Amino acid sequence: MGAEEKPAVISNSLNCKSCGAILHYEPGTHQLKCDHCGSTNEISSESDDHEIKAFNYDEFLDSIQNAQISDSLQSVKCNNCGSVTVLAQNVTAGKCSFCASPLVIDLSTDQRYVKPHYVLPFVITQEQAKQEFKQWLKQLSFAPADLIQQADSSSGSPLDGVYLPYWVYDVDAITNYNGERGVYYWETETYFETVDGEEQEMTREVRRTSWFPVFGTVTNFFRNIVIPASKSLPVKTVNKLGGWDFNKLENYDERYVSGFRSETYQVTPEEGLGLAQASLAPEINRTIRMDIGGDEQQIMNSSTELQDINIKYILLPVWISSYTYKNKPFQFTINACTGQVSGARPWSPGKIIMWVVIILAIIAGLIYFFGKHHN
């Protein structure tokens, strides 16, 4: 085997203390479980420091440059059976294709990948995830009547546990702006109205707005801006997964990843920061309007500079699978901490048409009722 084909290093911390077999992480615990002898190994922290902190953005970028990430596929040798499995560039953990043993690249020794700062361990087990999926199917509105039956009997993909990469940013946003402040005032307006066949002069109070030019600077402090760093799932699906409890983050430990797939980032931290900044616009505009004051506000121009940028590189757990309905696949994803389900689903045209007909009938009935009583 040439130097370019040298297998990535597999962490030795995954071996069972009783029989030496490869262990996998047991969701909802701080334990590794052995499928061979049934024993468990505790995941003990190497440090008593559980503070979740962000890291300087520029220094993190420098660390990436020094990591010299490879663009090629990598072969990974299984510690259990000795076979070699090829993992894609962005995958850092998986299962052996021959004996199903967990494969986890030791990121502390393989400099082709950047080691995450934190990992949020799985809480929802595979069986619990299956139950959450079934409950989600039952609650879908306008779903085909046979959807649950077809989903149960479909030849979809197995429920796969995956750690997805995310960037989490802390930034201070300094925004210079200019605009206009609108202040209401009232004027008495004269108008004419015909009363009993005679035209009479009348008055009324009319609201007007005076506009005054304004400019200023506002500061926003944003913390924990979460940006997906994977492109493996649709953005719409990922955005619906929310509800991550960052208080349960653990310092990255490959033992939490054992038995699951794990991806490294595909969205660069620079790209992620651009997405994060774009997401800040509504809150920054709200702050500007509050600073302008008055009764109405107009923002003419604004320019935002990000300062004191910090970042966390984290892995978050999801269960991913798909089911088939009428020969069409539908992918779904489950937040492995909360059980929140997000994904594609089929619709029942018949149910939609029926409800449209019912609503139109109700509207027509109301129009007839009020029209008859009005006359």
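Me: Two strands pair if DSSP finds at least two bridges between them; what makes β2 and β3 a pair?

Reply: Strands are DSSP runs of E with at least two residues, helices are runs of H or I with at least four, and both are numbered from the N terminus. Strand β2, residues 31–33, meets β3 in the antiparallel sense over three bridges, so the requirement of at least two bridges is satisfied. Within this pairing, Lys33 stands opposite Thr40 in β3.

Me: What kind of model are these statements taken from?

Reply: The model is a predicted one, in which local features need pLDDT of at least 70 and side-chain atom pairs count only at pLDDT 80 or more, while totals for chains, interfaces and linings use all residues. Residues are numbered from 1 along each chain as its sequence is written, and side-chain values use heavy atoms, with hydrogens and water left out.

Me: Why do β1 and β3 stand at the edges of their sheet?

Reply: The sheet is open and has three strands in the order β1-β2-β3, with antiparallel pairing. Because β1 (24–25) and β3 (40–42) each have a single partner strand, one side of each is left without a neighbour in the sheet.

Me: Which strands pair with β14?

Reply: Strand β14 covers residues 296–325, and among its partners is β4 (residues 55–56), antiparallel over two bridges, with Asn56 opposite Asn310. Strand β9 pairs with β14 in the parallel sense, also over two bridges, and there Val119 has Leu315 as its bridge partner. Antiparallel β10 is joined to β14 by 22 bridges, one of the positions being Tyr169 with Ile311, while eight bridges join β14 to antiparallel β15 (residues 328–335), where Ile320 has Thr333 as its partner. The hairpin of β14 and β15 has two residues between the strands, and Lys326 takes a positive phi near 55° in it.

Me: Why is Asn301 called partly exposed?

Reply: Buried means under 20% relative accessible area, exposed means over 50%, and partly exposed lies in between, computed with a 1.4 Å probe on protein chains only. The relative accessible area of Asn301 is 48%, so Asn301 counts as partly exposed. Asn301, which lies in β14, is also in contact (heavy atoms within 4.5 Å) with Asn176, Tyr177 and Asn178, leaving aside neighbours within four places in sequence.

Me: What makes Phe122 and Trp319 an edge-to-face pair?

Reply: Rings of Phe, Tyr and Trp (its six-membered ring) pair if their centres lie within 6.5 Å, and planes under 30 degrees apart count as stacked, over 60 as edge-to-face and the rest as tilted. A search of the whole structure finds 19 aromatic pairs; in this one the centres are 5.2 Å apart and the planes stand at 75°, so both conditions hold and the name is edge-to-face. The two residues are 197 apart along the chain, with Phe122 in the loop between β9 (118–119) and α2 (126–139) and Trp319 in β14. Phe122, at 1% relative accessible area, is buried, and so is Trp319, at 5%.

Me: Why is the pair of Trp167 and Tyr265 called tilted?

Reply: Their centres are 5.0 Å apart and their planes are at 50°, an angle that is neither under 30 degrees nor over 60, so the pair falls among the rest. Trp167 lies in β10 (residues 160–195) and Tyr265 in the loop between β13 (261–263) and α6 (269–292). Trp167 is buried at 0%, and Tyr265 is buried at 15%.

Me: How do you know that the buried residues of α2 are on the same side?

Reply: The buried residues of α2 are Ala129, Phe133, Trp136 and Leu137. Their arc, taken from the directions from the helix axis to the C-beta atoms, covers only 100°, which puts them on the same side of α2. They pack against α3 (147–153), β14, β15 and β16 (341–343), whereas the face turned away from the buried side carries the exposed residues Lys138 and Gln139.

Me: How do you know that the span of α2 agrees with expectation?

Reply: The expected span of a helix is 1.5 Å times one less than its number of residues. For the 14 residues of α2 this should be 20 Å, and the end C-alpha atoms are 20 Å apart, so the two agree.
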